[in-house]
Amino acid sequence: MKSYLEMTKEERSAEFESIKAQFEHLKTLKLSLDMSRGKPGADDLDLSNEMLKMPNETTGFVGEDGVDTRNYGLLDGIKEAKRLFAEILEMPEETIIAGGNSSLTMMFDTIAQGMIKGLGDKPWIFDEKRKFLCPAPGYDRHFAITEYFGFELITIPVDENGPDMDMVEEYVKDSSVKGIWCVPKYSNPNGTTYSDEVVRRFANLKPAAKDFHIMWDNAYVVHDLKDDGDKLLNLYDECLKAGSEDMPIFFASTSKVTLPGAGIACMAGSPKTLAMIKERMKFQVIGPDKVNQLRHTAFLPDLKAVKEQMRKHAEIIRPKFEAVLNEFDATLNGLDIAKWTKPNGGYFISLNVMEGCAKRVGELCKELGLVLTKVGATYPYGKDPHNSNIRIAPTYPSAEDINTAAKVLSVAVRYAALEKLI
Ligand code: PLP
């Protein structure tokens, strides 16, 4: 297909008429589709049904620590859960806290602790100019936490290697900059994995603030869509080499391995970091839901079992990604109005439409019954400076619906571009 930018006025008008006809036809289908959040589909959730039968009287309720998981205790989780996350994150078991049902809660609590009690220096609440670095496009809920606590959010551009490290190195010279959000593997929404050089540069940062922390959210650490998934350099190892092991705080969860909202989460860090976190936690909780931790480790005892579970997820999810990418390749390629990522894992495709058109694409999709992530949400304050980025979450619609959803998107992208060009 000829580039929309090179078309004559007449060619563009004819194309617009054809797209409008497709739009009107899709409208008659009265669709109700949701690609707004990175939620697993019902078939993904079914993969964990067996887990819900455990633990029981046959499997027993006492874990390796010798503690009855039905009772209070074990602030940092059961041994089996810590060992599992240690394998997943490739970090020593003693660096791990196995927690409740959400890593996002652990991140929120960590920032709240920095605000009220401090994370290695005086509480952040006393620094009225506090700032946080936000690689964007990125995860809206990360940005929202630091916005909630009154940080100025600073956008750091990202490319296929990760955040712009020249900019990060420059910003950390300011002692009001207290941290950075990172999704280092299959990032939300670009699906990219940080390069070795980016990871090393993180380990070697020399921030002016002694309580600067890297919030290393490895939410998609085992979420490969293909056998030869991306490899992420181990930040903890690099930090140990650089003597900066107190700087990163690691997070992960089984939300998209087993059940979001009913999974288990973890955080990890150096001995000094963990001591600081536990000092707060001991006032906050007597122990996590250890029954759920035991349920998980009975179902997924080791990394091998996790990888097998993720292979089953990939079989469900990969065709959904392919449906969207095939539709884009077939209908948008060569038009010069959109670019999109082709990730090897994770939960998202990042679509960049013609500058100034993303909001309109969102409106058009809504008119056709397809809900997208709020356009702009992938940037701090919900404001995409180019009004161009759209996060696509292909996992939730059923295998039957995904093709229609991809068609709707493609028609909306072309509609919005032609409207602007004409
Ligand atoms: N971190 C990232 C990057 C995510 O994309 C998500 C969910 O979409 C979460 C964290 C939420 O994790 P949890 O369910 O463990 O709170």
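1. A good place to start is the ligand, which sits in the second largest pocket. A pocket here is an open set of points on a 1 Å grid over the protein atoms alone, with protein on both sides within 12 Å along at least five of seven lines; a molecule sits in one if more than half of its atoms lie within 2 Å of its grid points. Please keep in mind that this is a predicted model, where local features need pLDDT of at least 70 and side-chain atom pairs count only at pLDDT 80 or more, while totals for chains, interfaces and linings use all residues. Residues are numbered from 1 along each chain as its sequence is written, and side-chain values use heavy atoms, with hydrogens and water left out.

2. Around the ligand (a heavy atom within 4 Å) you will find S102, S103, L104, Y139, V183, N188, D217, A219, Y220, S253, S255 and K256. By class, this shell holds five nonpolar, five polar and two charged residues.

3. Three serines are worth a look for polar contacts (pairs of N or O atoms within 3.5 Å). S102 places a polar side-chain atom 2.7 Å from an oxygen atom of the ligand, and S103 has a polar side-chain atom 2.7 Å from a ligand oxygen as well. For S253, an N or O atom of the side chain is 2.7 Å from an oxygen atom of the ligand. Of the 400 Å² of accessible area that the ligand has on its own, the protein covers 88% (Shrake-Rupley method, 1.4 Å probe).

4. Now to the sheet: eight strands (DSSP runs of E, at least two residues) form an open sheet with mixed pairing, in the order β2-β9-β8-β7-β6-β3-β4-β5. β2 (96-98) and β5 (162-163) stand at the edges with a single partner strand each, so one side of each has no neighbour in the sheet. Strands pair if DSSP finds at least two bridges between them; β8 (residues 248-253) and β9 (residues 265-268) do so in the antiparallel sense over four bridges. Within that pair, F251 has M267 in β9 as its bridge partner.

5. Finally, some backbone details to check. Most residues other than glycine have a negative phi, and most peptide bonds are trans. The A136 to P137 bond is cis, with omega near 5°, and P137 lies in the loop between β3 (131-136) and α5 (140-148). N188, one of the residues around the ligand, is joined to P189 by a cis peptide bond with omega about 10°. E90 has a positive phi, near 55°.

Terms used. A polar contact is a pair of N or O atoms within 3.5 Å; within protein, one must be able to donate a hydrogen and the other to accept it, and residues adjacent in sequence count only if both atoms are side-chain atoms. On a 1 Å grid over the protein atoms alone, a cavity is a set of points where a 1.4 Å probe fits but cannot get out, and a pocket is an open set with protein on both sides within 12 Å along at least five of seven lines; lining residues have an atom within 4 Å of a point. Ala, Val, Leu, Ile, Met, Phe, Trp, Tyr, Cys and Pro count as nonpolar, Asp, Glu, Lys and Arg as charged, and the others, Gly among them, as polar.
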